[in-house]
Amino acid sequence: MLKREHRWEQKIAEYVMENKENFYRLAYSYVQNQEDALDIVQDAIHKAMLSNTLKDDKAIKSWFYKIIVNTSLDLLRRRKKLTVVDDTTLQHHSQGVSDHYENTDLHRALNELSPDYRSVIVLRYFEDLKIEEVAEILDLNISTIKTRIYKGLKLLRIQMEDLNI
């Protein structure tokens, strides 16, 4: 049993190292903060190491993406429960360094979308996953994913028009 656990941990470690930039980018697309994105990736790795839910090694990609997405959404839910303070108070108490991630018009428009639409667009077009993989990650059927992609792209186009892009 110990050998199996060691192989499992080694397989996850290898997979994470090969794809760490993708995982960070996905987490960052949800939280828009470097430290939070790194925490999400770290939490997801921890959850993966403790999990025994992967039945087929070929599904490791969608399985780990699902963990990243769910961990990101959990953080966003917890963040909503926090008390919001004004910018002056936040700047006064903030001692962290802000991330210098390029704030493109597309990213601003994408951030205006609800998480349902943003998730499918990010996974499909930014992470280049197949519709079937997106459906598996989000636990939705393929037709729902297709509908959300269509509506999300339509809303994204409207957002970009509103931003005069």
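Which residue forms a salt bridge with R148? In this predicted model, the partner of R148 is D116, with the closest N and O atoms 3.8 Å apart. The pair links distant parts of the chain, since R148 belongs to helix α8 and D116 to helix α6, 32 residues apart. The points below start with the chain as a whole, then take up the contact of α6 with α8, the end of α6, and the salt bridges.

**Chain overview**

- The secondary structure consists of 8 helices and 0 strands.
- Along the sequence the pattern reads α-α-α-α-α-α-α-α.
- The chain has 165 residues, and 33% of them count as buried.
- About 11,200 Å² of the chain is exposed, with carbon and sulfur atoms supplying 52% of that area.
- Of the contacts between residues at least 6 apart in sequence, 66% join residues at least 24 apart.

**Helix α6 against helix α8**

- Helix α6 covers residues 115–126 and helix α8 covers residues 142–162; their axes come within 8 Å and cross at roughly 100 degrees.
- Angles of 65 to 115 degrees count as roughly perpendicular, and α6 and α8 are therefore roughly perpendicular to each other.
- On the α6 side, the residues in contact are D116, Y117, V120, I121, R124 and Y125.
- On the α8 side, they are I145, R148, I149, K151, G152, L153 and L155.
- By class, this contact of α6 with α8 has 8 nonpolar, 1 polar and 4 charged residues.
- D116 and R148 both appear in this contact, and the two also form the salt bridge named at the start.
- Both partners are partly exposed: R148 has a relative accessible area of 21%, and D116 has one of 41%.

**Burial in α6 and the residues after it**

- The buried residues of α6 are R118, S119, V120, I121, V122 and L123.
- V120 and I121 are buried, and they also meet α8.
- D128 follows α6 and has a positive phi, near 55 degrees.
- E127 lies in the loop between α6 and α7, the latter spanning residues 131–138.

**Salt bridges**

- Side chains of opposite charge can pair when their charged atoms come close.
- The count of salt bridges is 5.
- E127 pairs with R25, with 3.2 Å between the closest N and O atoms.
- R25 sits in helix α1 (residues 2–31) and E127 in the loop between α6 and α7, so this salt bridge ties together parts that are 102 residues apart in sequence.
- E127 is buried, at 7% relative accessible area, whereas R25 is partly exposed, at 34%.
- D74 and R77 meet through their side chains in a salt bridge, at 2.7 Å from N to O.
- D74 and R77 are 3 residues apart in helix α3 (residues 60–81), so about one helical turn separates them.
- An α-helix has 3.6 residues a turn, so residues three or four places apart point the same way.
- D74 is partly exposed, with a relative accessibility of 29%, and R77 is partly exposed too, at 48%.
- K47 is linked with D74 and R77 in a network of salt bridges.

How values were computed: Residues numbered from 1 in each chain as written. Predicted model: local features only at pLDDT ≥ 70, side-chain atom pairs only at ≥ 80, totals over all residues. Heavy atoms only, no water. Axes fitted to C-alpha atoms, helices over the stretch in contact; angles between N-to-C directions. Helix = DSSP H or I, 4+ residues; strand = E, 2+ residues; numbered from the N terminus. Parallel < 35°, antiparallel > 145°, perpendicular 65-115°, else oblique. Contact = heavy atoms within 4.5 Å. Nonpolar A, V, L, I, M, F, W, Y, C, P; charged D, E, K, R; others polar. Buried < 20%, exposed > 50% of the residue type's maximum accessible area, 1.4 Å probe, protein only. Areas by Shrake-Rupley, 256 points an atom, 1.4 Å probe, with all protein chains shown as cover. Salt bridge = Lys/Arg side-chain N within 4 Å of Asp/Glu carboxyl O.
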